[in-house]
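This report is a short guide for a reader meeting the structure for the first time. Please look over the sequence and the structure before reading on.

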Amino acid sequence: MALKIVKGSIDRIFDKNLQDLVRGIRNHKEEEAKYISTCIDEIKQELKQDNIAVKANAVCKLTYLQMLGYDVSWAAFNIVEVMSSSKFTYKRIGYIAASQCFHEGTDVIMLTTNQIRKDLSSPSQYDTGVALTGLSCFVTPDLARDLANDIMTLMSHTKPYIRKKAVLIMYKVFLKYPESLRPAFPRLKEKLEDPDPGVQSAAVNVICELARRNPKNYLSLAPLFFKLMTSSTNNWVLIKIIKLFGALTPLEPRLGKKLIEPLTNLIHSTSAMSLLYECVNTVIAVLISLSSGMPNHSASIQLCVQKLRILIEDSDQNLKYLGLLAMSKILKTHPKSVQSHKDLILLCLDDKDESIRLRALDLLYGMVSKKNLMEIVKKLMLHVDKAEGTTYRDELLTKIIDICSQSNYQYITNFEWYVSILVELTRLEGTRHGHLIASQMLDVSIRVKAIRAFAVAQMATLLDNAHLLTGNAQRNGICEVLYAAAWICGEFSEHLEDPVQTLEALLRPRVSTLPGHIQAVYMQNAAKLFAAVLCGQEGGAPASSETAQEISQLLIDRLPLFVQSADLEVQERASCVLQLVKYIQKLRLKEVQVGEEVTALFSGELNPVAPKAQKKVPVPEGLDLDAWINEAPSESESEDEKPRAVFTEEEEPRYTRTRHPEADEKELAKRREARKKEQANNPFYIKASPTSQKGYQDAPGVEHIPVVQIDLSVPLKVPGMSSSDQYVKMEEERRQKNKAEKKKKDKKKKGDKRGRRGRGDLGPESEEDITPAHMVDIVTEEMPENALPSDDDDKDPNDPYRALDIDLDRPLADSEKKLPVRTHRPLESPKSPGDEEGRGRVLEEPKKKGKKDKRENVKEEKKERKKSKEDKKKKKHKHERGEEPGEADQSGELTEAAAPPSSTAGEASDLDFWLSSAPTGPPKTQEAEPAAAAPGSAPKTTPDSAPGLAPASEPEESKDTEPEEAKSSKHKKKKPKREKEKKKKKKHHHHHHHHGDAGGDESVQNGTVEEEEPLCPMSNYILLAENSYIKMMCDIQGNLQDGSQVVVSIIFENKSDGFLKSMEFNVLDSLNTKLQRPEGAGPHDCVTVPFQLPPGVSNEARFVFSVQSIVMPQKLKGTITFIVKSEDSSTHEKLDFKLHFTCSSYLITTPCYSDAYAKLLESGDLKGSSVRLEGISMPFHHLLAMICFHHHFSVVERIDSCASMYSRSIQGHHVCLLVKTVDQTVSIDAKCDESSLLGNVLDEIKLTFSQC
Amino acid sequence: MIKAILIFNNHGKPRLIRFYQYFAEDMQQQIIRETFHLVSKRDDNVCNFLEGGSLIGGSDYKLIYRHYATLYFVFCVDSSESELGILDLIQVFVETLDKCFENVCELDLIFHMDKVHYILQEVVMGGMVLETNMNEIVAQVELQTRMEKSEGGLSAAPARAVSAVKNMNLPEIPRNINIGDINIKVPNLSPF
């Protein structure tokens, strides 16, 4: 052995180290690859040795090679070996290598779990640090789940060095294992106030990252962050917080108001540009959120714009860039303030720095108006000419098109000008955006009817000069415009001056070099032109039939070239057209007039359809798209054929259009008639607008356009290439003329005020008295008639951050406070029955998340754990818990209610109070805003996230999670269902063997019911009182933290047509039970319900009662008074109710373990009692579930038809039940240390079962 | 979040790469090439921000870089990071390198990539800024170096001697080139 070691170290001497490797590579520049491959061979040899130092050296070299692009994943196992070395030097090398090349797909990662756990708990802080850093790079969902607890513990490490790393890595853990977020959050929040600035900064960092993705869940932290912002001097922290506020303000406008003042102060005082910049950014965000009429903030806008101008004018390019960036944010809401700096921005367009020019371009988008559009575009066109480098030029091109086409061509007053701009853009060489220009051409000529004549003329010249565009192979991108040109000429051929020439241009042999899809369009439109020419000829003098003959011949001569095309589409269309022409020629020889019939092939008009139209067609009632239309689907049928079958009717018109019917014309006409009728009755058919339903030949209503005729005979500079400049000039003249006219009109007082026609044309232009040259009838994009207006179809369901959308304000049930642990790991914690389920669930969790809203049943699972460590944990948690319940309860409500109830103090009401003390004071209208935000957030309050976190808890501190769920789910009309999963004993045995040291009390039992048949939905909410105005449902829960408190949650539902306001809640206190009223209120005062109810809306409020003795049930009389405000009247109403505090409501579901349970029973302190229930026909597990649900028990152990159950009162009474069932008879033997309590509970159980 | 940190020289040779999101090796090299292509054609007096890296990130991401003598330090970050803050972080990182290597130059990075990684680990962790205080970073790095030394280091003295022997016949190793003005202060930016 010793010899081996010596040998190893001698070998080592001759091994290359990293420096040798680098040097070697540098010295073998010519044959680097070869040299490296020999090195890799050496490394492979080294890795085979036992000496860990040699291995570490080899791994170190591999890390270097990885950087050079060599795949080193084959050495993953060796990396793990090096990671597990006991020496820090080697360990560090291993971790670096792992963090460079491990990823989720690396299979050896699962081998690292225990090693990492060992390193995390290492006494050396650097071992821990290195492990944390490494883990942060390659953490997987498995690692995150297994190590979350260890990392959470490290967040309270004594060394700040470890603390800050542990805090930071939590973000990665949350991402991979979202279930850990809720349990870890309290501690994370604590770290915001850590004495060490590094830790604090790390915590701010993590929360900011979290909040950026799901800001609404972090609103309640606003006061804390505000405090930090005003107290911190660390610019890093300040920047992060200020950025965070930027994300929060859109959700809570009151926050914005509160922020403005300190931010403005910071802007004035700070010398750090980065901080100044972020402040300005956030102020902008605030202003955007407040944008609705806050005149007094114009000063802030001015301040921002002014500061930004200073940045933009700065010689530092970075500041200039950022200034422009921020400016573009203001632009959206306050375009006026930015427009005044147009000079500066136009100047930036000339900057030598491309980044800055691009930013300036972005700004231009918002700075255009009808007045200056032409001027700005002219300037951009100059840049296009000057621009070297295609990227920037392409960017310019898209910007020009963006600017012009924005909001339905709002700023274009002269479409001739725009079309000529588009034509000019086609001269760009090598642009990638040919299709963009093409689609603009199509869009404009389809939607702006008045421009068609002009556009067609332009397109015809473009087609004629096609060789200019296609001459160079590199210009390929631009030939897309020919697609548009051909289509426009064909479709609107009635505007063509010389259709024959254009037809000829379409059929040039050169065309066959164009891309296939363009040729196909050429063919189709050649046919259209042919039809148009024929028709024109027949209408005219008979002498011209020669021309018709000529073009038929032309087609017959030229088409065969395309019939041979390699492109199928071209081939097919060409041969179709060819046959058609031949046939027509034959007919014409017989002197048959076919012109009209041929045109009929192409009649009808295409309307632009909104991109989302198809998606918005509502599914008609009773149509199930997922159902098979025909029974017995054959295997071969592909899935996507189904919807087509459903929508054939819709697609039909398209088919008929392109089809060349062999059928005779009469038949065709008949079919068309039938189709039209069908379409008229078909709600799903996208109908053409009335104008467009006119025949093809009808002039598209241009005559009602009152404006100037443009003289098209103006000579163009280049043949076919119009210069846009002349339109600029013409437009100016026109405007002057218009102005003059307008003046005259004004003198005459009201001239005829012509309303503008067309939906697309557009908004008030009070600032400028420019009337568009064409009162353009912009055809708007069509949508199905009953399209749903929602716009929520842009959400990405795969967003990894969605899983982190977790309500953090809901109080943590104690069972959640510790993360679930997989028990087959050698943990100190003993295994417990929930684990198996926990693991199973983790797998299905992501799926559930997505479907959360649709889920009908809230799965609920209860797990019990017992941990030897628990006691320690509990102490740590203690002070957290002290502040938590109140705050969490209330802030949970913030998302549900407009404002939290005033009856209890908590953090959310703090938030509200804090916000309401904003300088301006919230006006009443704003009350509604958080409420409006609430519905959006409500469905995401993750009713299942609580059970989703496999709980681990201790009997005395557990709080039931189910009422929480019941509450949140209630609003969504979903009933919680109890389900329990069977524990898998086998596996537990297995664990047991493995980790005998783990405490091993395996006796734990849990709800062991596996049920298939569903249990009828249960709700804790019972009807409290109801009249024609209001309905109240209530649920009563003991308060875990305070043995003398009971929380009553009441859902108020407005059943009337009016608004319910000023609701006041009052009860007559008894000696034993008292309503807790706000401080300063007398014992008989009302408690105001903290919200108002619009018609049909329900909301929940909670009231806290203090109770002295809980052994007896209690009934309290109460009244709710409220004002019903309908449109014309308001009346004062009241409703009496009786609150029934049952003894069960004083019980709290508390898990218990069978050994503890046995001890409890043995102790002899308990008094017994029993009850028999006859005629219970429900399955045993349903029975248990009902007892658990309604009476807050938990199952300790179940054997066949016998189960032991446990619960605990808020004052610590133990209640034990032994439930047995034989033939519809259920006997319950019960023990409790308080006999009257027990008696009452048993009575209540009896009542429950007698009711069902 | 920082998505990637790339250090390469004026010729695009990588000196350190650190991706905080998984990319396969060939993709990594492609990203380096693309980034180099974007960055290298920019003058020194233009701004340090760059959009348009198509391989890495997307619209939410920016490249923020600094050019020191022969080296480019490029950080790819998303919108949650402050642009000027990251510029400052690069400065802090380079100054730290300067302190740890005593007048850092490209060769230090070439031959001691591992050490650069160790330093970077103390600045950025898993894509998030860990520490911005240079003294703290240097102190932690030094403590760890000391720990390594106490363990005898990776290559103890004999190996060094041998490596000298191994290199006897090789052409002269290039002399250290100083990066020169490494302590350029960010204009108008007060230190964090």
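The sections below go through one chain as a whole, a helix contact, and several single residues.

## Chain B as a whole

The model is predicted. In chain B, the secondary structure amounts to six helices and seven strands. Read from the N terminus, their order is β-β-α-β-β-β-α-α-α-β-β-α-α.

Chain B has 192 residues, and 61% of them are buried. Of the contacts in this chain between residues at least 6 apart in sequence, 56% join residues at least 24 apart.

## A contact between the chains

Helix 6 of chain A covers residues 88-101, and helix 5 of chain B covers residues 134-150. Their axes come within 8 Å and cross at roughly 120°. An angle between 115 and 145 degrees is neither roughly perpendicular nor roughly antiparallel, so helix 6 of chain A and helix 5 of chain B are oblique to each other.

On the chain A side, the residues that meet the other helix are Phe88(A), Thr89(A) and Arg92(A). Their counterparts in helix 5 of chain B are Gln144(B), Met147(B) and Glu148(B). By class, this contact of helix 6 of chain A with helix 5 of chain B has two nonpolar, two polar and two charged residues.

## The buried side of helix 29

Helix 29 of chain A spans residues 499-506, and its buried residues are Thr502(A), Leu503(A), Ala505(A) and Leu506(A). These residues cover an arc of only 160° around the axis, so they lie on the same side of helix 29 of chain A. In an α-helix there are 3.6 residues a turn, so residues three or four places apart point the same way.

## Ser1207 in chain A

Ser1207(A) belongs to strand 15 of chain A, residues 1202-1209. With a relative accessible area of 0%, Ser1207(A) is buried.

The side chain of Ser1207(A) reaches the backbone oxygen of Ile1148(A) at 3.2 Å. Apart from neighbours within four places in sequence, the residues in contact with Ser1207(A) include Leu1147(A), Thr1149(A), His1191(A), Phe1193(A) and Val1215(A).

## Two residues with positive phi

Most residues other than glycine have a negative phi. Ser1062(A) is not a glycine, yet its phi is positive, at about 40°. Ser1062(A) lies in strand 6 of chain A, residues 1059-1067, and counts as partly exposed at 38% relative accessibility.

Glu102(B), also not a glycine, has a positive phi of about 55°. Its place is the loop between helix 2 (83-101) and helix 3 (106-111) of chain B. Glu102(B) is exposed, with a relative accessible area of 65%.

Terms used. Residues are numbered from 1 along each chain as its sequence is written. Chains are lettered from A and ligands numbered from 1 in the order in which they are written. This is a predicted model: local features need pLDDT of at least 70, side-chain atom pairs count only at pLDDT 80 or more; totals for chains, interfaces and linings use all residues. Side-chain values use heavy atoms; hydrogens and water are left out. Axes are lines fitted to C-alpha atoms, for helices over the stretch in contact, and angles run from 0 to 180 degrees between N-to-C directions. Helices (H or I, at least four residues) and strands (E, at least two) are DSSP runs, numbered from the N terminus. Angles under 35 degrees count as roughly parallel, over 145 as roughly antiparallel, 65 to 115 as roughly perpendicular and the rest as oblique. Contact means heavy atoms within 4.5 Å. Ala, Val, Leu, Ile, Met, Phe, Trp, Tyr, Cys and Pro count as nonpolar, Asp, Glu, Lys and Arg as charged, and the others, Gly among them, as polar. Buried means under 20% relative accessible area, exposed over 50%, partly exposed in between (1.4 Å probe, protein chains only). A polar contact is a pair of N or O atoms within 3.5 Å; within protein, one must be able to donate a hydrogen and the other to accept it, and residues adjacent in sequence count only if both atoms are side-chain atoms. The arc is that of the directions from the helix axis to the C-beta atoms.
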